[in-house]
Amino acid sequence: MKRTAIAGLFWAMMIFPSPKGLAQDSAISTNIADYAMLGTMNMSYSRSAARHWSLEAGAKYNPFSFNSGDAEKQMQNRQVLVSTGLRYWPWHVFSGWWFSAKVQFQEYNQGGVLSRETSEGDRFGGALGAGYTYMLRKHLNLEFGIGMWAGYDSYSTYDCPVCGITIDSGKKFFLMPNELVMALTYVF
């Protein structure tokens, strides 16, 4: 049910009509910092709703495991994440400072990076963020930002990425960093 609701919001964002008269009312972006997190591919679509507001829908996907032949060295940050939300721009849409709020769902399997423990599960919650967008050219922007998110996590924790020995499982509230943004944005 959660996935269906988020998917519906995502597609509603794609067809949401923007106000007439705005020269550049849509943007697509990719967060370069996410690629450094073991190859997490990502894409975001934004559409202006007013002079100071934009609507946003995004997705992240990482199917990769590294060193999967050696249980002692295996690392993974596998995930599927979808989000939808809005941004407030004090000056103009797609330029200057911004503040964001969004809801997101993440299915994840992470471990082997800082410790041998691996956790997997589903997270659903809300995120807040802030940042700055620097206009490089007429259609190209560079964004910097940071965010936090909180919500509900249904998880299982394992002793190592391969062994499958369950240490803990349950449901809990979480508060954690959402993302570090260093994105290239094409505005059209």
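**Figure 1. The whole chain, element by element.** Starting at the N terminus, the elements of this protein go α-β-α-β-β-β-β-β-β-β-β. What you're looking at is a predicted model. Counted up, that makes 2 helices and 9 strands. The protein has 188 residues, and 41% of them are buried. Take the contacts between residues at least 6 apart in sequence: 58% of those join residues at least 24 apart. As for the outside, the accessible surface is about 10400 Å², with 66% of that belonging to carbon and sulfur atoms.

**Figure 2. A look into the largest cavity.** The protein has 2 cavities of 30 Å³ or more, and here we zoom in on the largest, which holds about 70 Å³ of space. Which elements give two or more residues to its lining? They are β6 (96–111), β7 (118–135), β8 (140–158) and β9 (166–187). If you want to pick out the residues one by one, the lining consists of E56, R87, W98, S100, K102, L128, G129, I146, G147, N178, E179 and V181. By character, the lining splits into 4 nonpolar, 4 polar and 4 charged residues.

**Figure 3. The second largest cavity.** This one has a volume of about 30 Å³. Around the space sit E56, S83, T84, G85, L86, S100, A101 and K102. Two strands, β5 (75–88) and β6, each put at least two residues into this lining. Which of the elements gives the most? That's β5, with 4 residues. Sorted by type, the lining of the second largest cavity has 2 nonpolar, 4 polar and 2 charged residues.

**Figure 4. Residues that turn up in both cavity linings.** Here's a view for comparing the two spaces. E56, S100 and K102 are among the residues lining the largest cavity, and E56, S100 and K102 also appear in the lining of the second largest cavity. Strand β6 likewise gives two or more residues to the lining of the largest cavity and at least two to that of the second largest.

**Figure 5. Close-up of R47 in strand β2.** Look for R47 in β2, the strand that covers residues 41–48. Is R47 buried or exposed? Its relative accessibility is 18%, so R47 counts as buried, the cut-off for buried being under 20%. Now follow the side chain of R47 to its partner: it makes a polar contact with the side chain of Y45, at 2.8 Å.

Conventions:
Residues are numbered from 1 along each chain as its sequence is written. This is a predicted model: local features need pLDDT of at least 70, side-chain atom pairs count only at pLDDT 80 or more; totals for chains, interfaces and linings use all residues. Side-chain values use heavy atoms; hydrogens and water are left out. On a 1 Å grid over the protein atoms alone, a cavity is a set of points where a 1.4 Å probe fits but cannot get out, and a pocket is an open set with protein on both sides within 12 Å along at least five of seven lines; lining residues have an atom within 4 Å of a point. Grid points are joined across faces, edges and corners, and a volume is the space filled by probe spheres set on the points. Ala, Val, Leu, Ile, Met, Phe, Trp, Tyr, Cys and Pro count as nonpolar, Asp, Glu, Lys and Arg as charged, and the others, Gly among them, as polar. Buried means under 20% relative accessible area, exposed over 50%, partly exposed in between (1.4 Å probe, protein chains only). Contact means heavy atoms within 4.5 Å. Accessible areas come from the Shrake-Rupley method with a 1.4 Å probe; for residues, only the protein chains shown count as cover. A polar contact is a pair of N or O atoms within 3.5 Å; within protein, one must be able to donate a hydrogen and the other to accept it, and residues adjacent in sequence count only if both atoms are side-chain atoms.
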